[in-house]
Amino acid sequence: MEHILATAVFLGVLLFLLGSGVWVGFSLIGVAFTGMVLFAPGAFGQIGDRMMTVIWSSSASWTLTALPLFIWMGEILFRTRLSEDLFKGLAPWMSRLPGRLLHTNIIGCTIFAAISGSSAATVATVGKMSIPELRARKYPEDLVIGTLSGAGTLGLLIPPSIILIVYGVTVNQSISKLFIAGVVPGIVLASLFMAYVIGWSLLRPGRMPPAEPRRPFGEKLGQSLYLIPVLLLIAGVLGSIYGGIATATEAAVFGVAGALGLSAVQGSLSRETFRESLLGATRTSAMIALILAGAAFLTLAMGFTGLPRGLASWIAGFNLSKYELILALTVFYILLGCFLDGISAVVLTMAIVEPMILQAGIDLIWFGIFLVVVVEMAQITPPIGFNLFVLQGMTGHNIGYIAKVSLPLFLVMVFAVFLIVVFPDIVMFLPDSMAGPAG
Amino acid sequence: MADFILDYGPLAAVLAAGGFALSAGLTLPAARFAAGLYRICGAAGACFLVLIGLLILLEIGSRAAAVYVPGLKAYAGYSMAASAFFAFAYTFGHRAHIRMSAIIGRLTGRARRIAEIWCLAASSFVTGFVCWYAVKLVAVSWDLEDVSESTDRMLLWIPQTAVAAGATVLFVCVLHRFVDVLRGADIGDQRSADVMATAE
């Protein structure tokens with residue numbers, strides 16, 4: 001890094017703009033502008049032309065179209081009776097497991113995660129029904145809140161995942177592959193959460209409420225009948241991607257159509273809910289598109305600063321092993337996640353981190369899943385953890401309490417990161433066995 | 001004529017947008033008109049979102065029927081850009097754009113107001129800059145009769161006009177808000193806005 005002063009100014013502007021609360025998308029453009037002024041050769045007037053060229057080509061992107069469609073699908077199902085169905089359909093099957101209905105939180109989040117790409121929406125949908133029901137049955141509050149906040153993070157990992165689309169677009173990797181790669185780690189993580197609840201309740205049998213009365217098999221099945229179309233929708237969307245029948249975008253269209261059909265059959269599709277779901281999806285995807293447009297310009301500017309190359313060779317100078325590098329990145333992203341939301345953290349850092357991990361010989365698909373699990377952990381750490389905010393709004397507990405009861409789940413996630421680092425095949429074997437062309 | 005538009009088009013767009021934003025901040029009829037403009041652009045963004053879905057359905061259908069329709073993927077990409085840019089201002093109005101609130105969320109009173117004024121001043125500069133060059137991009141593409149390299153052979157200034165229009169309305173919206181806050185408008189609670197942005 002030859003221009004130390006200019007680099008310091010550049011990083012200072014970055015921290016100042018983001019930290020002072022300027023909207024993330026505008027901050028990224030402002031920082032990139034500064035970088036271009038300091039580092040890019042050529043006339044001042046060219047900066048804007050170069051900016052607009054990259055913003056245009058990154059915005060008018062076929063790959064990106066999966067994003068608004070998956071968001072819309074989640075928005076439609078968010079407005080159906082799904083949270084009720086999830087609880088009623090799952091509860092009868094859980095009463096024999098140690099920890100009983102607490103598992104409805106975890107499995108409910110897993111299922112909702114498979115139709116929504118956002119963890120806050122997952123927490124909100126599942127919790128809307130399960131919090132009052134579990135409280136009425138006197139389940140320990142610590143676990144009701146903790147499992148919900150922990151399992152809610154699955155929304156980011158289990159496809160469709162907004163953050164995986166953003167990552168895939170940023171580093172130019174197949175979104176289909178990333179989605180399929182997220183499936184097994186998501187299930188592993190959900191199983192670990194369930195194992196934690198089972199272990200906890202076996203150790204403290206006195207704190208669990210008595211079992212619900214046994215119900216005959218037919219009645220149980222009747223209760224969960226409503227869940228079957230949702231499960232079919234999930235299987236259809238993921239199966240068509242895995243089978244190579246559809247690209248992620250095409251699967252998203254099927255997802256939207258299925259979601260509309262489902263809510264029409266349920267009777268919750270009205271003009272009002274249609275309009276709200278569409279406008280909600282428009283806003284969320286515009287919000288993300290603004291960040292991505294800024295990030296595209298920032299990536300261009302970063303190239304001129306020489307920071308990514310400089311940092312990559314600086315890191316290479318330490319001769320870190322792959323595991324040491326991953327450990328360092330884990331700590332870095334958890335710290336970053338304390339101040340930034342996941343999507344901003346990913347787009348802001350990938351221009352710098354990508355050369356680093358490529359040099360270390362780390363696979364970009366594997367890294368995407370690793371990154372999302374780590375960013376998930378940041379969702380439940382204070383001071384900026386979106387799941388914590390959502391739960392604060394829903395339960396009235398303060399952030400400190402929610403963070404405290406989420407801590408054991410956070411540790412479970414640390415263990416999950418350890419697992420996918422030591423056994424990378426957990427991530428890689430499904431995408432490696434995928435059929436056909438993937439887009 | 002072409003040279004004139006190339007040289008002065010972006011300047012004219014930024015000046016007109018700035019002037020309109022200023023009047024929207026100062027007079028009620030202009031403010032009402034501006035609010036309607038943001039809403040209509042939001043609705044346009046929503047329509048383009050639906051259009052993305054329809055184009056992809058058409059793509060799937062035509063592939064299944066073994067009929068080749070050129071350029072569908074490119075059209076879906078243009079709709080993506082149009083959907084996002086048209087909706088930027090509407091999204092800003094709903095406070096759904098994300099910002100880092102760790103520090104400003106803790107400020108109150110005068111300090112909070114000064115921080116907000118700084119944020120809006122910086123954002124007005126950024127959006128004005130983007131507006132200028134988005135309009136210039138259209139003018140240049142129009143002048144050179146730039147054609148898409150993909151199978152659609154679209155004249156690029158057509159979809160780029162949607163982007164320029166959206167960028168201009170976003171500039172109007174941010175500057176309008178800036179004037180409002182300078183004149184003492186309520187700032188509101190940022191933290192709850194952040195949560196809504198993700199919950200939605």
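Hi everyone, this is a short walk through how chains A and B meet, what chain B looks like, and where some salt bridges sit.

Before we start, please keep in mind that this is a predicted model.

Let's begin where the two chains meet. On one side, 59 residues of chain A are in contact, and their partners are 63 residues of chain B. Together the two chains bury about 5500 Å² between them, and 77% of that area comes from carbon and sulfur atoms. If you want three residues to look up on your screen, try Trp23(A), Trp56(A) and Arg283(A): they supply 16% of the area that chain A buries against chain B, more than any other three residues.

Now for the polar side of this interface. There are 6 residue pairs in polar contact across the interface of chain A and chain B, with both residues of each pair at pLDDT 80 or more. Which helix of chain A gives the most residues to the side that touches chain B? That is α15(A), with 11 residues. Sorted by class, the side of chain A that touches chain B holds 39 nonpolar, 15 polar and 5 charged residues.

How many salt bridges cross between chain A and chain B? The rule finds 2. One that you can find by eye joins Arg63(B) to Glu250(A), with the closest N and O atoms 3.3 Å apart. As a reminder, side chains of opposite charge can pair when their charged atoms come close.

Let's turn to chain B by itself. Its secondary structure comes to 6 helices and 0 strands, so if you trace chain B from the N terminus you meet α-α-α-α-α-α. The C-alpha atoms of chain B fill a box of roughly 65 × 45 × 30 Å along the principal axes. Chain B has 200 residues, and 53% of them count as buried. Among contacts in chain B with a separation of 6 or more, 76% are between residues 24 or more positions apart. The area that chain B exposes is about 9100 Å², with carbon and sulfur atoms supplying 69%.

Last stop: salt bridges more broadly. Over all chains, a search of the whole structure finds 11.

In chain A, Glu276(A) forms a salt bridge with Arg79(A), and the closest N and O atoms are 3.3 Å apart. This pair links distant parts of the chain: Glu276(A) is in helix α15, while Arg79(A) is in the loop between α4 and α5, 197 residues apart. Glu276(A) is partly exposed, at 35% relative accessible area, and Arg79(A) is partly exposed too, at 23%. There is also a network here, in which salt bridges link Glu75(A), Arg79(A) and Glu276(A).

Elsewhere in chain A, Arg137(A) and Glu133(A) meet through their side chains in a salt bridge of 2.8 Å, N to O. Arg137(A) is partly exposed at 27%, and Glu133(A) counts as partly exposed at 25%.

Over in chain B, Arg112(B) and Glu116(B) form a salt bridge, their closest N and O atoms being 2.9 Å apart. Why are these two separated by about one helical turn? Because they are 4 residues apart in helix α4 of chain B. And are they buried or exposed? Arg112(B) counts as buried, at 8% relative accessibility, and Glu116(B) counts as buried as well, at 3%.

That's my tour, thanks for listening!

Key. Residues numbered from 1 in each chain as written. Chains lettered and ligands numbered in written order. Predicted model: local features only at pLDDT ≥ 70, side-chain atom pairs only at ≥ 80, totals over all residues. Heavy atoms only, no water. Contact = heavy atoms within 4.5 Å. Buried area = accessible area lost by both parts, 1.4 Å probe. Salt bridge = Lys/Arg side-chain N within 4 Å of Asp/Glu carboxyl O. Polar contact = N/O pair within 3.5 Å; in protein donor to acceptor, adjacent residues only side chain to side chain. Nonpolar A, V, L, I, M, F, W, Y, C, P; charged D, E, K, R; others polar. Buried < 20%, exposed > 50% of the residue type's maximum accessible area, 1.4 Å probe, protein only. Areas by Shrake-Rupley, 256 points an atom, 1.4 Å probe, with all protein chains shown as cover.
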